[in-house]
Amino acid sequence: MADIVLASASPRRAELLRQIGVDFTVHPADVDESVEEGESPQCYVERLAREKAMVVAGRLSGDELVIGSDTSVVLLGEILGKPDNHDDAVAMLGRLSGASHQVMTGVAVVRNGLCKSTLVVTDVRFRELSEPEVEAYVFSGEPMDKAGSYGIQGLGGIFVREIRGSYSAVVGLPLQETAALIAEAGVPVWENWPRRLENRT
Ligand SMILES: Cc1cn([C@H]2C[C@H](O)[C@@H](COP(=O)(O)OP(=O)(O)OP(=O)(O)O)O2)c(=O)[nH]c1=O
């Protein structure tokens with residue numbers, strides 16, 4: 001079976017990949033994350049996922065299967081990445097308060113020079129947030145390494161009124177789509193699942 005490599009420094013992505021029984025090593029990708037002139041959020045997110053996977057695949061030599069991913073929060077067509085500082089996080093959360101936004105996650109799988117990718121878009125609706133709770137949230141530190149300045153899987157879960165789409169994509173890696181891309185590249189993830197029960201009689 002091919003060695004699987006996660007081209008990501010995100011602990012959330014590693015945790016999600018472990019959840020579906022994949023054995024892998026981590027090789028973070030360092031790519032330029034600037035948006036190209038006239039590029040849509042959809043194209044941006046999928047392009048970055050592909051670049052992350054391809055940069056890491058280019059550093060490896062063999063038959064590895066490399067997974068790259070990118071997540072951005074998109075509000076009224078504008079990409080909200082990770083906050084630059086405390087005030088930036090407060091401002092982003094103020095904009096997300098009481099509104100709906102989209103979380104776009106791209107995932108790409110490279111094997112033997114071939115790159116396949118997909119984009120997953122999830123709608124998330126926040127309730128109205130109060131100023132003191134936003135301040136308290138930003139002081140918790142949780143927003144600082146997350147797109148849109150929140151983590152649905154953490155304290156930020158109390159802001160989310162509704163989600164339509166893939167929860168795992170919001171956290172950073174859409175499980176169904178990732179497993180499908182890995183299978184398409186020749187590795188059905190279930191082949192690696194533990195067998196803890198005896199054969200049925
Ligand atoms: C919206 C949201 C984002 N996030 C995180 C997922 C990603 O780690 C991060 C978006 O930043 P990314 O640039 O997609 O990823 P990263 O820099 O953390 O890791 P790498 O590029 O090495 O793969 O935001 C959450 O953990 N929870 C959420 O609810």
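**Exercise 1. What covers the buried residues of α6?**

Before you start, a word on the model. It's a predicted one: local features need pLDDT of at least 70, side-chain atom pairs count only at pLDDT 80 or more, and totals for chains, interfaces and linings use all residues. Residues are numbered from 1 along each chain as its sequence is written.

*Solution.*
- Step 1: find the helix. α6 takes in residues 175-184; helices (H or I, at least four residues) and strands (E, at least two) are DSSP runs, numbered from the N terminus.
- Step 2: pick out its buried residues. Thr178, Leu181 and Ile182 are buried, where buried means 20 or more other C-beta atoms within 10 Å of the residue's own, exposed means 12 or fewer, and partly exposed is in between, with C-beta atoms placed from the backbone.
- Step 3: look down the axis of α6. The buried residues fall within an arc of 100°, so they line one face of the helix; the arc is that of the directions from the helix axis to the C-beta atoms.
- Step 4: see what sits over them. The cover includes β3, β5 and β6.
- Step 5: step just past α6, and you'll meet Gly186 with a positive phi of about 105°.

**Exercise 2. Work out which residues Val109 touches.**

*Solution.*
- Step 1: place Val109, which lies in strand β5.
- Step 2: check its surroundings. Val109 counts as buried because it has 27 C-beta neighbours inside 10 Å.
- Step 3: list the contacts (C-beta atoms, placed from the backbone, within 7 Å). Leaving out residues up to four places away in sequence, Val109 touches Ala53, Leu65, Ile67, Lys116, Leu181, Ile182 and Ala185.
- Step 4: tie this back to α6, where Leu181 and Ile182 are among the buried residues.

**Exercise 3. Trace the pairing from β5 through β6 to β7.**

*Solution.*
- Step 1: start with β5 (residues 100-111) and β6 (residues 114-126), which pair antiparallel over twelve bridges. Strands pair if DSSP finds at least two bridges between them.
- Step 2: pin down one bridge: Ser100 has Arg125 of β6 as its partner.
- Step 3: go round the hairpin. Two residues sit between the strands, and Asn112 takes a positive phi near 50°.
- Step 4: carry on to β7 (residues 160-164), which runs antiparallel to β6 and is joined to it by four bridges. Asp123 has Arg164 of β7 as its bridge partner.
- Step 5: judge the exposure of β7. Zero of its five residues are buried, so β7 lies largely in the open.

**Exercise 4. Is Asp70 buried or exposed?**

*Solution.*
- Step 1: check the record. An unreviewed UniProt entry annotates Asp70 as "active site"; UniProt positions are in the numbering used here, feature names are shortened, and annotations may be inferred rather than shown by experiment.
- Step 2: locate Asp70 in strand β3 (residues 65-75).
- Step 3: count. Asp70 is buried, since 28 other C-beta atoms lie within 10 Å.
- Step 4: name its contacts. Not counting residues up to four places away in sequence, Asp70 touches Val45, Leu48, Ala49, Lys52, Thr105 and Gly106.

Terms used. Two residues are in contact if their C-beta atoms, placed from the backbone, lie within 7 Å.
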